[in-house]
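Colleague: Please take a close look at one part of this model for me, the packing of a helix pair. Then carry on to whatever else deserves a comment.

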Amino acid sequence: MNNRRNWLKQVSLGAVGLGFCQFEAFANTSTENDIFPDVEKSPILLRSNENPYGPSPLARAAMQKSINTSNRYGWDLSDELISLIAKKNNVSNNNILLGAGSTEILDLVLQYTALQKGNFVLAETTFNYWTFPSDKLGIKKITVPLTSDKKHDLAGMLKAIDTDTKMVYICNPNNPTGTICEREQLVSFVKEASKKAIVFVDEAYLDFTKEESLSNLVLENKNLIITKTFSKMYGLAGARIGYAVATASTIEEISALKSSPNLSISVVSAVAAITSLKDEKFIEQVHSSNEEVKKYTIEQLTKLNLTCIPSHANFVYFSLDNYKKDYFKQLENHNIQGTKIYEENGKWTRITIGTMKEMQQFIEAIK
Ligand SMILES: Cc1ncc(COP(=O)(O)O)c(C=O)c1O
């Protein structure tokens with residue numbers, strides 16, 4: 001364990017020693033600016049809210065080295081990652097469960113809830129791919145419309161909870177709308193709703209805000225589960241690392257649905273996450289770039305007379321109601337992948353914030 005820790009330290013120090021710019025060369029990518037390697041791809045991917053800059057330079061180097069240890073199981077690395085995550089969230093190791101992306105956590109929580117039979121409540125419109133197996137699992141889905149400004153209707157969701165409700169899901173910030181719940185309101189919602197059901201808060205995009213996680217509330221609330229991911233801010237969507245934060249007993253109960261909890265991430269992924277947590281400079285840079293490019297995108301969409309919802313994430317939700325051309329054809333013609341219409345009424349769609357260059361190309365494409 002100690003040897004491996006030292007090895008990780010060496011990898012990190014080596015990475016620091018090389019310096020940020022040399023990392024770009026190491027990653028063998030052209031540079032869009034002095035800071036980020038430009039992960040230039042064809043087509044332009046503005047579909048899945050991925051980070052266009054990541055993985056971080058330190059993570060890339062550490063991942064490459066860790067390939068050599070892929071003949072071994074990653075128990076120790078999982079333990080180390082859990083410790084770092086617990087520290088970051090001010091909880092203990094037994095409050096954390098790792099998943100292969102937060103999708104695994106979403107799946108597990110759905111299965112866990114379904115075992116208790118009944119229903120679960122979520123917003124319409126929100127991130128809902130993980131709910132697709134609900135029919136097969138025998139749990140009913142109850143949806144509550146968003147408010148007119150595309151926020152979670154917390155009062156409405158509280159009302160929708162009935163005696164059969166086993167879980168209520170809040171995506172904060174919400175995907176696809178980018179809206180965020182006001183903290184005080186969310187805290188009081190959690191307090192009330194968790195008296196009746198599990199409150200499951202998905203903080204996949206909270207890293208893009210300066211808001212505090214609700215993870216500090218889990219220790220006093222057995223019915224609160226938080227899920228987070230390394231896929232977005234940390235640029236590790238393909239590495240598949242996510243986690244749950246909950247009371248030790250809740251973590252134990254969810255973990256019981258798995259034969260080998262915490263073993264679904266690879267050695268390379270664990271190393272990526274461990275190293276990424278140490279690369280604060282990269283996170284700051286992603287944060288400020290996202291803000292700058294998002295501001296540009298919203299300004300340009302607004303100039304095109306397209307209504308945008310203020311976004312607290314790395315994507316923008318906007319209406320195609322005033323758009324005269326065939327939006328999807330325009331994207332296709334310019335080899336850009338966007339996503340679908342989420343709400344027919346208002347023709348609301350979402351675009352991921354890529355690099356500045358990508359967003360300039362996107363704006364040109366739809367002009
Ligand atoms: C709100 C939200 N939660 C969870 C996920 C799942 O991400 P991952 O499984 O990569 O952690 C996504 C992916 O887009 C998402 O938007």
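Modeller: Start with helix 11 (residues 280-303) and helix 13 (residues 356-366), whose axes come within 10 Å and cross at roughly 10°. Bear in mind that this is a predicted model. Two packed helices are described by the angle between their axes and the distance between the axes. Angles under 35 degrees count as roughly parallel. Helix 11 and helix 13 are therefore roughly parallel to each other.

Now the residues that make the contact. Helix 11 contributes Glu292, Val293, Tyr296, Thr297, Gln300 and Leu301. From helix 13 come Met356, Met359, Gln360, Phe362, Ile363 and Ile366. By class, this contact between helix 11 and helix 13 holds 8 nonpolar residues, 3 polar and 1 charged.

Helix 11 also leads to a backbone feature. Phe282 is among the residues in contact with Pro55, once the neighbours of Pro55 within four places in sequence are left aside. The other partners of Pro55 are Arg60, Met63, Tyr234, Gly235 and Leu236. Take Leu236. Its C-alpha atom is separated by 5.6 Å from that of Pro55, although the two are 181 residues apart along the chain. Pro55 sits in the loop between strand 1 (44-45) and helix 3 (57-66). The peptide bond from Gly54 to Pro55 is cis, with omega near 0°.

There is another cis bond to check. Asn172 and Pro173 are joined by a cis peptide bond, with omega about 0°. Here the loop runs between strand 5 (165-171) and helix 8 (183-193), and Pro173 is found in it. Arg240 deserves a look too. This residue is not a glycine, yet its phi is positive, about 60°. Its loop lies between strand 7 (224-229) and strand 8 (242-245). For context, most residues other than glycine have a negative phi, and most peptide bonds are trans.

Last, the ligand. Its surroundings comprise 14 residues, of which Thr103, Asp202, Tyr205, Thr229 and Ser231 come nearest. Three side chains can be given with distances. Thr103 places a polar side-chain atom 2.5 Å from an oxygen atom of the ligand. For Asp202, a polar side-chain atom is 2.6 Å from a ligand nitrogen atom. Tyr205 has a side-chain N or O atom 2.6 Å from an oxygen atom of the ligand. Taken alone, the ligand exposes 400 Å², and the protein buries 92% of that. The shell around the ligand divides into 5 nonpolar, 6 polar and 3 charged residues. Helix 5 (residues 102-114) supplies the largest share of this shell, 3 residues.

Methods:
Residues are numbered from 1 along each chain as its sequence is written. This is a predicted model: local features need pLDDT of at least 70, side-chain atom pairs count only at pLDDT 80 or more; totals for chains, interfaces and linings use all residues. Side-chain values use heavy atoms; hydrogens and water are left out. A residue is near a molecule or strand if one of its heavy atoms lies within 4 Å of it. A polar contact is a pair of N or O atoms within 3.5 Å; within protein, one must be able to donate a hydrogen and the other to accept it, and residues adjacent in sequence count only if both atoms are side-chain atoms. Accessible areas come from the Shrake-Rupley method with a 1.4 Å probe; for residues, only the protein chains shown count as cover. Helices (H or I, at least four residues) and strands (E, at least two) are DSSP runs, numbered from the N terminus. Ala, Val, Leu, Ile, Met, Phe, Trp, Tyr, Cys and Pro count as nonpolar, Asp, Glu, Lys and Arg as charged, and the others, Gly among them, as polar. Axes are lines fitted to C-alpha atoms, for helices over the stretch in contact, and angles run from 0 to 180 degrees between N-to-C directions. Angles under 35 degrees count as roughly parallel, over 145 as roughly antiparallel, 65 to 115 as roughly perpendicular and the rest as oblique. Contact means heavy atoms within 4.5 Å.
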